[in-house]
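Colleague: I should like to learn how to read the features of a structure that is new to me. May we go through one together, beginning with the terms used for surface exposure?

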Amino acid sequence: MKKRTKKRIRITNKRRFTFFCMTLVFLFCCGFSSVKQKEEPQQQVISIFVKPGDTLWELAAENNPNNMDVRRLIYDIQQLNELDGTHLSVGDEILIPV
């Protein structure tokens with residue numbers, strides 16, 4: 001049986017090899033820099049301060065320019081303001097998507 005020997009790779013021209021490696025690194029970096037991450041469109045919001053007697057439902061119904069479902073708008077308001085429920089305190093600033 002014949003014994004296999006590993007073939008060694010010899011770099012004959014170090015300058016050319018270095019230039020090749022640097023070119024690969026440059027092209028690799030350029031390729032990743034040209035990939036853009038998907039940017040979320042800026043959502044326009046209005047700011048409202050809660051007055052005594054205001055409810056989230058009333059604020060959503062009054063400030064609904066697109067006539068979307070009020071329940072969906074309440075959900076969006078809760079997500080935007082990081083609210084756990086529908087409880088509002090007087091003086092709170094609530095952001096409402098437009």
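Modeller: A residue is called exposed when its relative accessible area is over 50%, buried when it is under 20%, and partly exposed in between. Please keep in mind that this is a predicted model. Arg-71 has a relative accessibility of 58%, so it counts as exposed.

Colleague: Which residue forms a salt bridge with Arg-71?

Modeller: A salt bridge requires a side-chain nitrogen of Lys or Arg within 4 Å of a carboxyl oxygen of Asp or Glu. The partner of Arg-71 is Asp-69, and their closest N and O atoms are 3.2 Å apart. Asp-69 is partly exposed, since its relative accessible area is 40%.

Colleague: How many salt bridges does the structure hold?

Modeller: There are two. Besides the pair just described, Arg-72 is bridged to Asp-76, with 3.6 Å between the closest N and O atoms. Both residues belong to helix α3, which spans residues 70–81, and they are four residues apart, or about one turn of the helix.

Colleague: Is Asp-76 buried or exposed?

Modeller: Asp-76 has a relative accessible area of 18% and is therefore buried. Its partner Arg-72, at 43%, counts as partly exposed.

Colleague: How should I read the nonpolar core?

Modeller: In soluble globular proteins, nonpolar side chains tend to be buried together. Here the largest nonpolar core has twelve residues, among them Ile-48, Leu-56, Ala-60, Leu-73, Leu-88 and Ile-96. Helix α2 (56–62), helix α3 and strand β2 (93–97) each supply at least two residues of this core. The largest share, four residues, comes from α3.

Colleague: Which residues does Ala-60 touch, leaving out those up to four places away in sequence?

Modeller: Ala-60 touches Val-70, Leu-73, Ile-74 and Ile-77.

Colleague: Which residues make the nonpolar surface patch?

Modeller: A patch gathers nonpolar side chains that remain accessible, each residue having over 30% relative accessible area. In this model, Ile-11, Phe-17, Phe-20 and Leu-24 make a nonpolar surface patch of about 390 Å². Leu-24 is found in helix α1, which covers residues 14–33. With a relative accessible area of 46%, Leu-24 is partly exposed.

Colleague: Finally, how many disulfides does a search of the whole structure find?

Modeller: A disulfide is a pair of cysteine sulfur atoms within 2.5 Å. The search finds zero disulfides. As for the cysteines Cys-21 and Cys-29, Cys-21 is partly exposed at 29% relative accessibility, and Cys-29 is partly exposed with a relative accessible area of 46%.

Key: Residues numbered from 1 in each chain as written. Predicted model: local features only at pLDDT ≥ 70, side-chain atom pairs only at ≥ 80, totals over all residues. Heavy atoms only, no water. Patch = residues over 30% accessible without salt bridge, like charges linked within 9 Å, V, L, I, M, F, W, Y side chains within 5 Å. Areas by Shrake-Rupley, 256 points an atom, 1.4 Å probe, with all protein chains shown as cover. Buried < 20%, exposed > 50% of the residue type's maximum accessible area, 1.4 Å probe, protein only. Core = buried A, V, L, I, M, F, W, Y, C linked by side-chain atoms within 4.5 Å. Contact = heavy atoms within 4.5 Å.
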